[in-house]
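Colleague: I am new to this structure and would like a close look at one part of it. Please take me through the charged side chains slowly, with their surroundings.

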Amino acid sequence: VFSHSVMLRTAAGGIFVVLVILIIEQCSSQSSSSSEQQYVYSRGEVPANFRLYQSYPNRSEADTCRPIRLRIERGSARFRSELVTADAQLDATFAAEDARVMMSRMYSRLAALASLHGQLSRTKLVVLKVWTTTTDGEVTDPFSLHYEGRSALVSVGSYGANVLLRLAIQAGFDWVSYVSTTYVKLSVTPDACKTNLDLVFMVDRSSSVGSTN
């Protein structure tokens, strides 16, 4: 909370003290500045050849990309305000319509990856899963980033997992993992905070609030 007072003199000689209070509501999806530090790491060297189940950076997905707040349910306020649907500009093949639904940061990283992939292969990038509301054979973690559209399963394709993972790092994904012989997992941190700002004016005729308050 930030406050500041300003003294104004009226035409009649009276003095008003206007106290301006700015109330900043920090998004609950973002950590405070103190807890933010726990997510600042050195990423280390990119593996020359990824082994099955190896991740980069070499930390858990939640530590690198931050845990989810809550599942984003279909049709909810967060679904409408925080998720986007990939259109034809994202040059990839989607295994299901829900695979097109994702956070904006995920969209930009997938678009960059699809572009890099297209420079190597005539076949399109195949996106198997992004946002989901259900727990199934691929999404068994109740706190999965898939529930916020921040994790994607992408088919390995003809060039293999190692090439795809290195392209994903180049495309800006925050965490990548060789989770299966047929697909990789690519995840991102939450979108930038959309802070709510309230502006409050208080007029004081008593002069009880001074310029130093």
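Which side chain meets Arg 105 in a salt bridge, and what is the N to O distance?

Modeller: Please keep in mind that this is a predicted model. The partner of Arg 105 is Asp 174, and the two side chains meet in a salt bridge with an N to O distance of 2.9 Å. Asp 174 lies in the loop between helix H5 (161–171) and strand E9 (175–177), while Arg 105 belongs to helix H4, so the pair ties together parts that are 69 residues apart in sequence. The two ends differ in their cover: Asp 174 counts as buried because its relative accessibility is 11%, under the 20% limit, whereas Arg 105, with a relative accessible area of 23%, is partly exposed.

This contact belongs to a wider set, since the count of salt bridges comes to 9. Another of them joins Arg 74 to Asp 98, whose closest N and O atoms are 2.8 Å apart. Here Arg 74 sits in the loop between helix H2 (61–65) and helix H3 (77–82), and Asp 98 in the loop between strand E5 (92–94) and strand E6 (101–103), so this salt bridge ties together parts that are 24 residues apart in sequence. Arg 74 counts as exposed, with a relative accessibility of 51%, and Asp 98 is partly exposed at 28%.

A salt bridge within a single helix is formed by Arg 78 and Glu 82, which are 4 residues apart in helix H3 and therefore separated by about one helical turn. Their closest N and O atoms are 3.0 Å apart, and both residues are buried. Arg 78 and Glu 82 also take part in a network of salt bridges, in which they are linked with Arg 69, Glu 148 and Arg 150.

A charge can also be placed against an aromatic ring, as with Arg 71, whose charged end sits over the ring of Tyr 147 at 4.0 Å from the ring's centre. As for rings that pair with one another, the structure holds 1 aromatic pair.

To return to helix H4, which covers residues 104–120, Leu 120 is found there as well. Leu 120 counts as partly exposed, with 41% relative accessibility, and together with Tyr 159 and Val 163 it makes a nonpolar surface patch of about 250 Å². Helix H4 thus holds both Arg 105, the partner of Asp 174, and Leu 120, a member of that patch.

Key: Residues numbered from 1 in each chain as written. Predicted model: local features only at pLDDT ≥ 70, side-chain atom pairs only at ≥ 80, totals over all residues. Heavy atoms only, no water. Patch = residues over 30% accessible without salt bridge, like charges linked within 9 Å, V, L, I, M, F, W, Y side chains within 5 Å. Areas by Shrake-Rupley, 256 points an atom, 1.4 Å probe, with all protein chains shown as cover. Salt bridge = Lys/Arg side-chain N within 4 Å of Asp/Glu carboxyl O. Helix = DSSP H or I, 4+ residues; strand = E, 2+ residues; numbered from the N terminus. Buried < 20%, exposed > 50% of the residue type's maximum accessible area, 1.4 Å probe, protein only. Phe/Tyr/Trp six-rings, centres within 6.5 Å; stacked < 30°, edge-to-face > 60°. Lys NZ or Arg CZ within 6 Å of the ring centre and 35° of its normal.
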